[in-house]
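Me: I am a first-year student and would like a close look at a single part of this structure, namely one group of helices that pack against one another. Please take me through it slowly and explain each term as it comes up.

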Amino acid sequence: MVKAPKSALLVVLLPLFVLLLAFASLSFGAGGVGWQDSLHWLLGASSDAHVDLVLGELRLPRLLKALALGAALGAAGVLLQTVTRNPLAETGLLGVNSGAALGVALGIALFAGQSPAAQIGWALGGATLGSLLVLLLARAGGGQSSPLRLVLAGLALTATCHSLTAWLALVSTANLDRYRFWLLGSLAHPHAGLLWPSLVLIGVGLTAAMGLVRPLSALALGDDLARALGQRPAPARVGAVVVVALLTGTSVALAGPIPFLGLIAPYCARTLAGVTIASQLPYSILLGSALMLSADLSSRLLLAPFEAPVSAVLAGIGAPLLIWMVNRDATLALMPAGTER
């Protein structure tokens, strides 16, 4: 049974919560600039060069990255879970993140001075190949692509990609510094040339994701009924995989592999908005941004004046949640894809 949103207030409160977190992201961190300085800067009443440097050159790009990455991975999680009919599907679990990371690592190893466009291209190629390989491995031997087979195929591909990425980092000491912080997943990297192209690509991906709501909603009813409603299942699935690869690959190129966010945001969105894609997707986009901003703030404040990797903060939240989800419904992993309960 489809549940309606628990309260209409969430439609107003959730965007306000994201705005509050965005202001906090501008107000806290290294540089000795507090919330009063941030407020004056936003109102155009600040003439301090130090404040302009900290907020305009350091914190604002970081804020934009967090908002874009959270939205991208939240939307990608919803699309991936819908296409695979698996509530445990997530870009990190199914090898899309690690495939994109391997693509970027391979590009840096072969072309150390690659342009931002080339780095995004390598990440998109790796994400696309990773997602296709997982789908093929899950169907190997002619069996059905069950949630368990998808997760196992994703874990196998993730382990392989991590090993190859580590090998690429170790064989070239000149590129080791390029890998070690980026691979942990961080918003602190400058990547000035990557920011605006990445924001544009993520905007295109989110727009395309919204355009897939209708065909994927029909697809959730089953292929036969989707065809009766005038939708074509195969192009809808391919389109969803392409959009997931675009959103994930761009995110990985910008900030490194970010695990579990594509699992947490859709799960919370289902709890708040119900199981329909039309209601899940906007909630997941907002929740993804809120979670990324919260994790980024935590990474800055937990070990201040040092900084923890944002991926480690998200893993600390996502790993227990994944265990709880599996224990909550132990039969989930044994269900064939498309089985209705």
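Reply: What follows starts with the whole chain and then turns to three helices and their contacts.

This is a predicted model, in which local features need a pLDDT of at least 70 and side-chain atom pairs count only at pLDDT 80 or more, while totals for chains, interfaces and linings use all residues. Residues are numbered from 1 along each chain as its sequence is written, and side-chain values use heavy atoms, with hydrogens and water left out.

The chain has 14 helices and 0 strands, where helices (H or I, at least four residues) and strands (E, at least two) are DSSP runs, numbered from the N terminus. Of its 341 residues, 49% count as buried, a word that stands for under 20% relative accessible area, with exposed meaning over 50% and partly exposed in between (1.4 Å probe, protein chains only). The accessible surface of the chain is about 15800 Å², and carbon and sulfur atoms hold 71% of it; such areas come from the Shrake-Rupley method with a 1.4 Å probe, and for residues only the protein chains shown count as cover. Among contacts in the chain with a separation of 6 or more, 73% join residues 24 or more positions apart, and contact here means heavy atoms within 4.5 Å.

Now to the helices themselves, beginning with α4 (residues 96-110) and α11 (residues 233-255), which pack at an angle of about 55° with their axes 9 Å apart. That makes α4 oblique to α11, since angles under 35 degrees count as roughly parallel, over 145 as roughly antiparallel, 65 to 115 as roughly perpendicular and the rest as oblique. The axes are lines fitted to C-alpha atoms, for helices over the stretch in contact, and angles run from 0 to 180 degrees between N-to-C directions. The crossing of α4 and α11 is right-handed, which is the word used if the near helix is turned clockwise from the far one by less than a right angle, whereas anticlockwise gives left-handed. On the α4 side the contact is formed by V96, N97, A100, A101 and V104, and on the α11 side by T248, G249, V252 and A253. These residues divide into 6 nonpolar, 3 polar and no charged, where Ala, Val, Leu, Ile, Met, Phe, Trp, Tyr, Cys and Pro count as nonpolar, Asp, Glu, Lys and Arg as charged, and the others, Gly among them, as polar.

Helix α4 also packs against α5 (residues 116-138), their axes coming within 7 Å and crossing at roughly 140°. That makes α4 oblique to α5, and this crossing is right-handed. Here V96, G99, A100, G103, V104, L106, G107 and L110 of α4 meet Q119, W122, A123, G126, A127 and S131 of α5, a set made up of 8 nonpolar, 6 polar and no charged residues.

The remaining pairing is that of α5 with α11, whose axes come within 8 Å and cross at roughly 135°. These two helices are therefore oblique to each other, and their crossing is right-handed. From α5 the contact takes Q119, I120, A123, L124, A127, T128, S131, L132 and L135, and from α11 it takes V241, A245, L246, G249, T250 and A253. By class, this contact has 10 nonpolar, 5 polar and no charged residues.
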